[in-house]
Amino acid sequence: MTLAFLIVLALILAGGGPVAQPVLLNFIFYVIFTPLIATAIIFAGSLFVNFAQSANMIMRGEGILKKAMLITGTGAVLNIILDPIMITAMSAQGKGIEGAAYATVVSQIVTAAITLWYFLTKSKVVRIHRVRLESSLISEILGVGFSAMLMQVMTMVQQTTLYHVAARHGGDTWQIILGAALSIQSFTMIPLWGAGQGFQPAAGTNYGAKQYDRVKQVTRAFMVGVTVLSLIFYIPIQLAPKTILSWFIKDAGIVSQGVADFRILFSTYILLGFVLMVITLMQSLGKASKASVLVMMRQIILFVPLAILLPQIGGLGAHGVFLAPAVTDLIILILAIVLLAGEFRNISKLATQEQR
């Protein structure tokens, strides 16, 4: 059922993505800086990457984390190998970027093929026999995945707002600084997302098995783990923001101009792992509405008004754009703590009932 639903959504994305991309790119960044054919190629590979990622999560749910990581790693390594080959081969025709896109899609196809082979021949829990839509399960699937999907969509809305406000109050220079800061932020979120993907099946499996105390133990362990993990990025960025920002911006004057705001933007990064684990816990326990509330509060309801209003207060201007995410994260942290405390109380009650 999940596979059938995934295929339908992937085909919609593959067909509609290339049509919508010029409007989306121009709306977000004011300019289209990526060859449209390259992004069209990436959209064409949507079916393969979406299947591989979704099936990989099922493998993690089976408890075979090493095998799931090996398959994902194989695709990543293949992409790294193919990138210079395809770029070099197509650079003579002035299509180096398209070559990189083809390399990505080829690696995605290989990853999807290996994953499909596993579920056809090796899996002891899940076997793919017939693909069909089961209408009774659609609402349940959407309920579990809605908050994760919403987070991605809202991130796009959030960044669009930031770019527009930065352009209005600071022009191209502040858009450059913001673009570099958001690129670094996206990179630093990768390990946190990875931890969340490992946490979700661990929490969900234990909750389903009525191991309520272990749910709390796993939650605490992952929260401590992601906080420690975030220090790997947090400390260097706070201590040497100019050096890190200069990796993305070559103009020393622009780098110096953006150092203080770059540090402000990342001031609450160390808290994001905790918030992400709370959201993931709610998803794992089937509390999609609570997870969605946190996502919408952080990405839209609180953030957008703050991003628009703060630049107009006290002459902050473009500096308010970088302050808005930090203020939003502090408020969301308080809400996340309240939700987590309430959920832990519910889990404790369930554990007490189970012992009777």
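Is E343 buried or exposed? Keep that question in mind while you move through this predicted model, and begin by selecting E343 itself, which at 1% relative accessibility counts as buried, because that value is under 20%.

Next, add K290 to the selection, since the side chains of K290 and E343 form a salt bridge in which the closest N and O atoms are 3.1 Å apart. The two residues come from distant parts of the chain, with K290 in helix α11 (residues 288–301) and E343 in helix α13 (residues 319–355), 53 residues apart. Unlike its buried partner, K290 counts as partly exposed, because its relative accessibility is 28%.

The structure holds two salt bridges, and to see the other you should select R298 and D329, whose side chains meet at 2.7 Å, N to O. Here R298 lies in helix α11 and D329 in helix α13, so the pair ties together parts that are 31 residues apart in sequence. In this pair, both R298 and D329 are buried.

Now turn to another part of the model and select helix α7 (residues 212–239) together with helix α10 (residues 269–284), which pack at an angle of about 150°, with their axes 8 Å apart. An angle over 145 degrees counts as roughly antiparallel, and α7 and α10 are therefore described in that way. Their crossing is right-handed. To look at the contact itself, show the side chains of residues including F222, M223 and V226 of α7 and F274, M277 and V278 of α10. By class, this contact has 13 nonpolar, four polar and no charged residues.

Methods
Residues numbered from 1 in each chain as written. Predicted model: local features only at pLDDT ≥ 70, side-chain atom pairs only at ≥ 80, totals over all residues. Heavy atoms only, no water. Axes fitted to C-alpha atoms, helices over the stretch in contact; angles between N-to-C directions. Helix = DSSP H or I, 4+ residues; strand = E, 2+ residues; numbered from the N terminus. Parallel < 35°, antiparallel > 145°, perpendicular 65-115°, else oblique. Left-handed = near helix turned anticlockwise from the far one by under 90°. Contact = heavy atoms within 4.5 Å. Nonpolar A, V, L, I, M, F, W, Y, C, P; charged D, E, K, R; others polar. Salt bridge = Lys/Arg side-chain N within 4 Å of Asp/Glu carboxyl O. Buried < 20%, exposed > 50% of the residue type's maximum accessible area, 1.4 Å probe, protein only.
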